[in-house]
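Subject: Structure handover

Hello,

Here is the structure we talked about. Please have it open while you read; my notes follow below.

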Amino acid sequence: MDPDIPKFQIADVVESTAGRDKGTRYYVIDGDDTWLSLVNGKSRGLENPKRKKCKHTKKVLRSETRVAQKLRNGDKVLNSELRRDLAYLSQTPQGNDLGG
């Protein structure tokens with residue numbers, strides 16, 4: 001694995017850096033060293049996640065919201081919860097970056 005590419009975990013919030021969805025934020029729901037499965041509840045719901053290469057994304061933050069906890073625990077999450085959570089995280093300043 002390329003040392004310049006950060007390791008992604010379930011419930012990380014990432015932003016697309018390439019493609020027609022550039023600038024769109026997603027939650028990571030699955031992945032490996034090369035590919036990620038991404039959802040945002042709007043254009044990409046849980047029933048149809050987007051598959052994107054890790055090198056075409058950047059980690060925005062490690063979310064500690066209730067939705068992120070549900071994703072990590074494998075609990076049921078609704079697309080509306082994903083949309084609401086990502087909208088809220090987009091409005092908060094980047095100074096709240098929790099790393100990861």
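Start at the end of the first helix. Helix α1 is followed by G74, and the phi of G74 is positive, near 80°. Bear in mind that this is a predicted model.

Now the overall layout. The chain has two helices and five strands. Read from the N terminus, the order is β-β-β-β-β-α-α. The chain has 100 residues, and 40% of them count as buried. Among contacts with a separation of 6 or more, 52% join residues 24 or more positions apart.

Back to α1. Its buried residues are V67, A68, K70 and L71. Viewed down the axis of α1, these buried residues fall within an arc of 160°, so they line one face of the helix. R66 and N73 are exposed on the other side of α1. The cover over the buried residues of α1 includes β2 (25–31) and α2.

How do the two helices meet? Their axes are 9 Å apart, and α1 and α2 pack at an angle of about 130°. That angle lies over 115 and not over 145 degrees, so α1 and α2 are oblique to each other. From α1, the residues at this junction are R66, V67, K70 and L71. From α2, they are E81, L82 and D85.

E81 deserves a look of its own. This residue lies in helix α2, which spans residues 79–91. Is E81 buried or exposed? E81 has a relative accessible area of 8%, which is under the 20% cut-off, so E81 is buried. The E81 side chain makes a polar contact with the side chain of K70, at 2.9 Å. K70 is itself among the buried residues of α1. Beyond its neighbours within four places in sequence, E81 is in contact with R66, V67, K70 and K76.

Next, the nonpolar cores. The largest one has 13 residues. Which of them touch the most other members? They are V13, Y27, V67, L71, V77 and L82. The elements giving two or more residues to this core are β5, α1 (66–73) and α2. Another core lies apart from it, with seven residues, including F8, V14, V28 and L36.

V13 has a long list of partners. Setting aside neighbours within four places in sequence, V13 is in contact with R25, Y26, Y27, K58, K59, V60, L61, S63, L86 and L89.

Last, T57. This residue is in strand β5, which covers residues 57–62. With a relative accessible area of 7%, T57 is buried. A polar atom of the T57 side chain lies 2.9 Å from the backbone oxygen of C54. T57 and S16 are 41 residues apart along the chain, yet their C-alpha atoms are separated by 4.5 Å. Leaving out neighbours within four places in sequence, T57 is in contact with F8, V14, E15, T17, L36, L38 and K52. Of these contacts, F8, V14 and L36 also appear in the core of seven residues.

If you want a place to begin in the viewer, try two spots. One is the polar contact between the side chains of E81 and K70. The other is T57, with its side chain set against the backbone oxygen of C54 at 2.9 Å.

Best wishes

Definitions and conventions:
Residues are numbered from 1 along each chain as its sequence is written. This is a predicted model: local features need pLDDT of at least 70, side-chain atom pairs count only at pLDDT 80 or more; totals for chains, interfaces and linings use all residues. Side-chain values use heavy atoms; hydrogens and water are left out. Helices (H or I, at least four residues) and strands (E, at least two) are DSSP runs, numbered from the N terminus. Buried means under 20% relative accessible area, exposed over 50%, partly exposed in between (1.4 Å probe, protein chains only). Contact means heavy atoms within 4.5 Å. A polar contact is a pair of N or O atoms within 3.5 Å; within protein, one must be able to donate a hydrogen and the other to accept it, and residues adjacent in sequence count only if both atoms are side-chain atoms. A nonpolar core is a set of buried Ala, Val, Leu, Ile, Met, Phe, Trp, Tyr and Cys residues joined through side-chain atoms within 4.5 Å. The arc is that of the directions from the helix axis to the C-beta atoms. Axes are lines fitted to C-alpha atoms, for helices over the stretch in contact, and angles run from 0 to 180 degrees between N-to-C directions. Angles under 35 degrees count as roughly parallel, over 145 as roughly antiparallel, 65 to 115 as roughly perpendicular and the rest as oblique.
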